[in-house]
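Please examine the model shown below together with its sequence. The account that follows is meant to be read with both in view.

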Amino acid sequence: MEIFQQIFNLETFSSTLRMAIPLMVAAIGGMFSERSGVVNIALEGMMLAGAFIAVVVSYFTGSAWLGLLGAVFFGGVFALIHALVSIRYHADQVVSGVALNLLAAGGTVFLLNILFNTSGTSPSVTALPYWGPFKPTVYLGLLIVLISHYILFFTPFGLRVRAVGEHPHAADSVGIDVEKIRYVCVILSGMLAGFAGAHLSIGVLSVFREGMTAGRGFIALAALIFGKWYPFGAMGASLLFGFFQAIEIRLQGIEAIGIPAEFIQMIPYILTVIALAGVIGRATPPAASGEPFEKGKR
Amino acid sequence: MAGDMNSKELLKEISIPLLAILSSFIIGTLIVIASGYDPIATYGALLQGAFGGLNSIADTLLAATPLIFTGLTVAFAYRCGLFNIGGEGQLLVGGLTAAWIGTFKGVPMIIHLPLTLLAAMVAGALWVAIPAILKAKLGVHEVITTIMFNYISYSLVAYFSLKVLAKPGSIQTPDIEPSAYLWRFSNVLDMYSYLNIGFLIGLIVLFVIYYLLWKTTIGYEIRAVGISPDAAEYGGISAARNIILAMLISGALAGLGGAERAMGLFHNYRNGFSAEYGFTGIAVALLGRNHPLGIFLAALLFGALSNGQDYMNMLAGVPVDLVTILQAVIILFVAADLLFRRVLALKPEGRKGE
Amino acid sequence: MSKRNLIFLSLILALTLLVGCAGGGEQPPQDTPQEDGQKAASDLKVGIVLSSGGKGDKSFNDSSLRGLDRAKEEGLIAEYKYIEPKEVAAAEKGLRFLAQQGYDLVIGVGFMQKDAVDTVSKEFADTKFAIIDDVVDNPNVASLTFKEHEGSFLAGALAALLTTHEEIEGINAEEVVGFLGGMDSPLIHKFELGYTSGVDYINETEGTDVKVKINYTGSDPSAFNDPAKGKEIALAQYNAGADIIYHASGGTGIGLFEAAAQTGNYAIGVDSDQDWNQPGYILTSVLKKVDNAVFATVKAVKEGNFEAGLKEYGLEEKGVALTPLTEAGVTVKAAQEAGDITAEDVAKIEGLKAKIPAEIKDKIEDIKSKIIAGEIEVPNYLEQAQ
Amino acid sequence: MDAVLEMKNITKEFPGVLANDNVNLDLRKGEIHALVGENGAGKSTLMSVLFGIYQPTKGKILYKGEELRIGGPNDAIDLGIGMVHQHFMLVHTLTVAENIVLGSEPSNGRGRLTLSKAIDKIKSLSDEYGLDVDPNAKVKDIPVGMQQRVEILKALYRDAEILILDEPTAVLTPQEVKGLYKIMNTLTEQGKSIIFITHKLKEVLTVSDRITVLRKGKSIGTVNTAETSETELAEMMVGRKVILKVEKKPAKFGATKVEVKNLKASNARGMLALDNVSFEIREGEILGVAGVEGNGQTELVEVLTGLRAANSGVFKLEGQNLLNETARKIKEAKIAHVPEDRHKHGLVLDYSIEDNLILGYHYKQPFAKGLNLDFNSMAEHADRLIPEYDIRPRNKEILARSLSGGNQQKIIIAREFDMGPEFLIASQPTRGVDIGAIEFIHKRIIEQRDQGKAVLLVSAELSEIMSLSDRIAVMYEGRIVDILDAKEATEEKLGLLMAGSTIRSSEG
């Protein structure tokens, strides 16, 4: 019983929420991208870039809010590369994603060297202030989920996004600019991933550390799939994965449980594979995701 | 090598990667200048590190060796219409397996060496088996599942290497037995490099894969499935069977890459075992146009870059991450080859449709 | 070329410039010498190959470099060269490069370089080598290791003593302290065992029942680079009743300090003086005086009395130590002089130290001298494991 | 002349292809104007130009006498031009109403999508034109005929004055076709104008007012429907006299060769697609299978060729049980298969002609020795078949992708016929093939029959079925509703059967 209380208490749930937020927001970003038909495995890199820019802007301006804005803005700029390469130049979207992850990993450390003359950790910067028990990014992150759901299902833009990702030629035939919708969505995904990165670097913490996203972009991708490309689905999956991370910490050292931490760390990935295999209701991606759109071809 | 390619097409094929490499180096130069370094010294050091002497050249080949395997990993699956992005995990699992089997004592080399190589291949193949089966039987997209398996492997390999196999007080597994060593060239040549016959195995595998893909019925079937699974089914070729086969071979190649690191370079499994070879393999395959010859050249290029980067850092003081940036930009340019095709007014590659 | 193609290229170029301008006119990026071969033959040439965290890790890489800086200041050497390898295999290349370039003393930082130092030192019998944190048994290698367990023991004793002092703000009723490890690996277990032994010692001598919460961040090197998770772990431990957490987790520990500041609890730093990371929340840091060891080695080479073999730096040798419990340490003061931190911050640091009851400070001194005298035997995880 | 729309001297050139060459078309208010031509005659290109998807290389478009430039689908829609594509442009996961409003979504002042008014408008339009569409249903859940009406509604919702219908009857039963005609007439009565694209001459003669014929990118002429005939149109389309009859000798039937009994199978979505299908084919007999597409023909062929598993039933060739055998085993039993979709099946488009000529036989003698391909015998094989089946160009190294449809089909015919089949399954063997190749293919099929082989011919072209078959089976909703002797079959009879109205069911 005591063990139970150690694992499940209020703090566990606020910890879950804090850990889930970056996954959630990045997953929502991925959702916009994939719903419009562009696979985005560069969430990790976009988050990392966002985390870095947030710290840099906060360092030079002294304002964490500007840091957050900078991360969102630069996340969008960074995603624009993915958009150009994969939408305009019909590149393989997975390859482009791999390249962007590499670019973010190399670029941030290179710039750490150039800007701060260090390889590992940036100087401490002004972080976002607390609003009650949490940082603003937590509330904003939850708000983003709500707004995204509204946009996707209750606005003309959302309808167009869903149409473009399922059947771009149908959208094209009624005069929708497929490429424009995709550009907007991919850039949006970068902005949201940038936000998620900023949450880590100047929300949870106040520094940038080399590789500090530590695979969260890929867990976000898993959450997106596990949530079947729905905003609330992604939110639920993120909370679930965040919860696993929270209890993994709490299970450590409780001898009675005896599960090595490594095996708990695998759970989100295994669950995602199971979800894809259809054991708990098949996860089916938008029909046209991954396919470059070529006008006139079908 | 490719019989069905005339010289004009060949020129077109190689012009895009060359342009991509050139453009990337131009961008690299701009970065170097803007960061306040001397580009001539930078690239000079890079070149010296990569090719300045027997030892450097051997080190470049050593760095290229795992990329040959992981490049083939990606390319072989790609020829069957699959994107195996899990080469990293397969290499780690294969490498750990080789490092474990290699420690078996008292086995004569003639058995031990091939057994260890084989075990690594089997491990790599097994690690991709679930994504392969899910793809073949349920159509689950292999990109996501192989990414997920990468992350599963990181935890699993960490657990087994550190908590099960590692020698006490150490974060590496015990050294393998000499009977499982891949023979090193430094045994007869006066150099430091750990270049070993793993490189030659790589060359042989390049040829074997080429032969398999273009000269045998297995390759005929795998490529047919890659181009058109429906047409293949029509022709009595089981798409599911070939997808699984191609994925298993692909995973085995990655496992072999891990074996070379364990048996030739490190003689054990340790932290930092793979310098993201699996991901660089994607770039190598892409740049090499998924053709064994192209992969060989691309692996040499990336090997030279990753070998030369240390000298670039040591001599010119430029952070090694510049090379990571260069690699990313090369991939972006090769992937966005339409850019160059438009600039050069070449016709785009026929994809699907009419 | 169409307009949009141009946009693509210019975007890439713009990013390039962004990368560049950001660094553009600032200080010359590296303070290492270019190889010009013009130096006087008598000049001692020292080179060092850092561990993977690189320069600016606020940990033992920086500490090693501080040792070399000191050697420079004191005129032992004119310059030194440092190398940051990215891959495991690159360290050996760096060591060999330095040896080939005729460096007199080549230092490898970190136990990951054990094999590399072993190999290269055999190749260059006339060059002197040093390895930090591991042992290489060659006639031209000095092995500089540290008794981290002794320092950690003191940290454990301090934490266990302090956690019972409820009257101090930030100390709760529960007798629980915490340990945050980075990668789940033997070296970190050495810190952990030293720390828990210190707690056990206090429990025995004082009759208390202090418990230790132990967490590791992960099982691969990225566990040293995940401050976000570090913070969550720390918050979880504080929530579970811990009020003082000691860490050995590299960059992940930054998260611990932020958690301490957020909850108003306390942390203990590691390797370097981390007291000023979150002024007023870090009680002390377990120093690993790599700088001293490096400096001493350089000095020995310069003076011609370099000795190969194992040199263990413990409390006795001042190779490990706590930062002062009474005032800000030298590093903090230096940082204040350099303008990195304000006088206010220093006041906070010293204010916290003033809260530690004098009797505890005395007990720590006492334990320290007992360890040095051999009256207290601190268990070494690595020796136990082997 | 009350022309709403005139396209004058439209020329559209793609790299290496002149798709439209000085084409003229004028559309009057309230008329149904048919645009006919063979595949590749340039009908789709012309309509894409009209719809703003392509810009013409030369020529101009006048709308109500005013010259203008149609820059994209939006411009066309704004002008009141609506297009119903052959492959419906509907997003299956969305509802009917969402599909209809897509691209011109109604919203309240604060950016919220408001469908209620749109749904009212859709309902009233649906009533006005007798379209009978449920705006709240998801597209994936409604039948094909209704999907087409959704497409028409999409145009009407945008106040289209001109409707382009691209091959609208291909997916419909004869009865549904009649319903469509009625809708088309209602539309024109209300003052809408319709461009009706097809290659089926009978339909054209039934429903249109005027007809424009395209051939090889050129407009051959425009005629009044009342003043023309099928033969004249066919000549205009093809450019020479067309023999619509196929020469064939009287049949000499032998023993029963193929036996299919109580075959049941599901389609890709798991629904029953074959329901107790039974038939026999004798030596020297062609059994034609007629039916509207999507009534189980595809699944039948797939089951018989090993591409789809049957749930139950019997399939025997010369007594050998072949049900649910692999495609390879079935090929080994000497069953040849000309697939309905040569791009999807039949050919590996990025393989050379030479490689394609061994597809399915690549693994055994003489093309393989062990695991190795035997390049010499592959070359010999190709060098023999290419002239024999008149595959152009005569270069075995060329990729199948770069060949014309007719020549691609000849690769398949060559490969499948050359293996000496006992049972030939030909599905839509002449779809998208030019007239010359059609004659060639028909001759080859008859040749097989005359050699005493069994032939199963599936085709959507009733004329093809009627001229080639000895007996005709009609499929409807997965069942064979009746098997007629070809001599007794008339188009009317077949049409009724294709709509599912058997004598039995009309009784019941």
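The paragraphs below go from whole chains to single residues. The structure is a predicted model, and every value quoted here is computed from its atoms.

Chain A is a suitable place to begin. Its secondary structure consists of 12 helices and zero strands, so that the order of elements from the N terminus is α-α-α-α-α-α-α-α-α-α-α-α. The radius of gyration of chain A is 19 Å, close to the 19 Å that the globule rule gives for 298 residues, and chain A is therefore as compact as a globular protein of that length. Measures of extent and packing can be set beside this value. Along the principal axes, the C-alpha trace of chain A spans about 65 × 50 × 35 Å. Of the 298 residues in chain A, 70% are buried. Among the contacts in chain A with a separation of 6 or more, 78% are made by residues 24 or more positions apart.

The surface and charges of chain A complete its outline. Chain A exposes about 8700 Å², and 70% of this area is supplied by carbon and sulfur atoms. Its side chains include 16 positive and 15 negative ones, and the centres of these two sets lie 9 Å apart.

One residue of chain A may be considered in detail. Ser33(A) has its place in helix H2, which covers residues 10–35 of chain A. Is Ser33(A) buried or exposed? Its relative accessible area is 0%, and because the limit for a buried residue is under 20%, Ser33(A) counts as buried. A polar atom of the Ser33(A) side chain lies 2.7 Å from the backbone oxygen of Val38(A). Val38(A) also appears among the residues that Ser33(A) touches when those up to four places away in sequence are not counted. The others in that list are Val39(A), Asn40(A), Cys185(A), Val186(A) and Ser189(A). The surroundings of Ser33(A) thus include residues numbered in the thirties as well as residues numbered in the one hundred and eighties.

Chain B can be described along the same lines. The secondary structure of chain B comes to 15 helices and zero strands. For 354 residues, a compact globule would have a radius of gyration near 20 Å, and the 21 Å of chain B agrees with that. The C-alpha atoms of chain B fill a box of roughly 60 × 60 × 35 Å along the principal axes. Buried residues account for 65% of the 354 residues of chain B. Of the contacts in chain B between residues at least 6 apart in sequence, 74% join residues at least 24 apart. The accessible surface of chain B is about 12100 Å², with 68% belonging to carbon and sulfur atoms. Chain B carries 20 positive and 20 negative side chains, and the centres of the two sets lie 5 Å apart.

Backbone geometry draws attention to a loop of chain B. Glu276(B) has a phi near 55°, a positive value in a residue other than glycine. Glu276(B) is found in the loop between helix H11 (239–266) and helix H12 (277–287) of chain B. With a relative accessible area of 42%, Glu276(B) is partly exposed.

Chain D offers a further residue of this kind. Lys334(D) is not a glycine, yet its phi is positive, at about 65°. Lys334(D) lies in the loop between helix H10 (327–332) and strand S16 (335–338) of chain D. The relative accessibility of Lys334(D) is 36%, and Lys334(D) counts as partly exposed.

Where do cis peptide bonds occur in chain D? The peptide bond from Gln365(D) to Pro366(D) is cis, with omega near 0°. Pro366(D) is placed in the loop between helix H11 (353–356) and strand S17 (368–369) of chain D. Arg392(D) and Pro393(D) are also joined by a cis peptide bond, with omega about -5°. Pro393(D) lies in the loop between helix H12 (375–388) and helix H13 (405–418) of chain D.

Helix H13 of chain D contains Gln409(D). Gln409(D) has a relative accessibility of 1% and counts as buried. Leaving aside neighbours within four places in sequence, Gln409(D) is in contact with Val338(D), Arg342(D), Gln428(D), Pro429(D), Val433(D) and Ile441(D).

Technical notes:
Residues are numbered from 1 along each chain as its sequence is written. Chains are lettered from A and ligands numbered from 1 in the order in which they are written. This is a predicted model: local features need pLDDT of at least 70, side-chain atom pairs count only at pLDDT 80 or more; totals for chains, interfaces and linings use all residues. Side-chain values use heavy atoms; hydrogens and water are left out. Helices (H or I, at least four residues) and strands (E, at least two) are DSSP runs, numbered from the N terminus. Buried means under 20% relative accessible area, exposed over 50%, partly exposed in between (1.4 Å probe, protein chains only). A polar contact is a pair of N or O atoms within 3.5 Å; within protein, one must be able to donate a hydrogen and the other to accept it, and residues adjacent in sequence count only if both atoms are side-chain atoms. Contact means heavy atoms within 4.5 Å. The radius of gyration is taken over C-alpha atoms; the globule rule is 2.2 Å times the number of residues to the power 0.38. Accessible areas come from the Shrake-Rupley method with a 1.4 Å probe; for residues, only the protein chains shown count as cover. Lys and Arg count as positive and Asp and Glu as negative; His and the chain ends are not counted. The place of a charge is taken as NZ of Lys, CZ of Arg, CG of Asp or CD of Glu.
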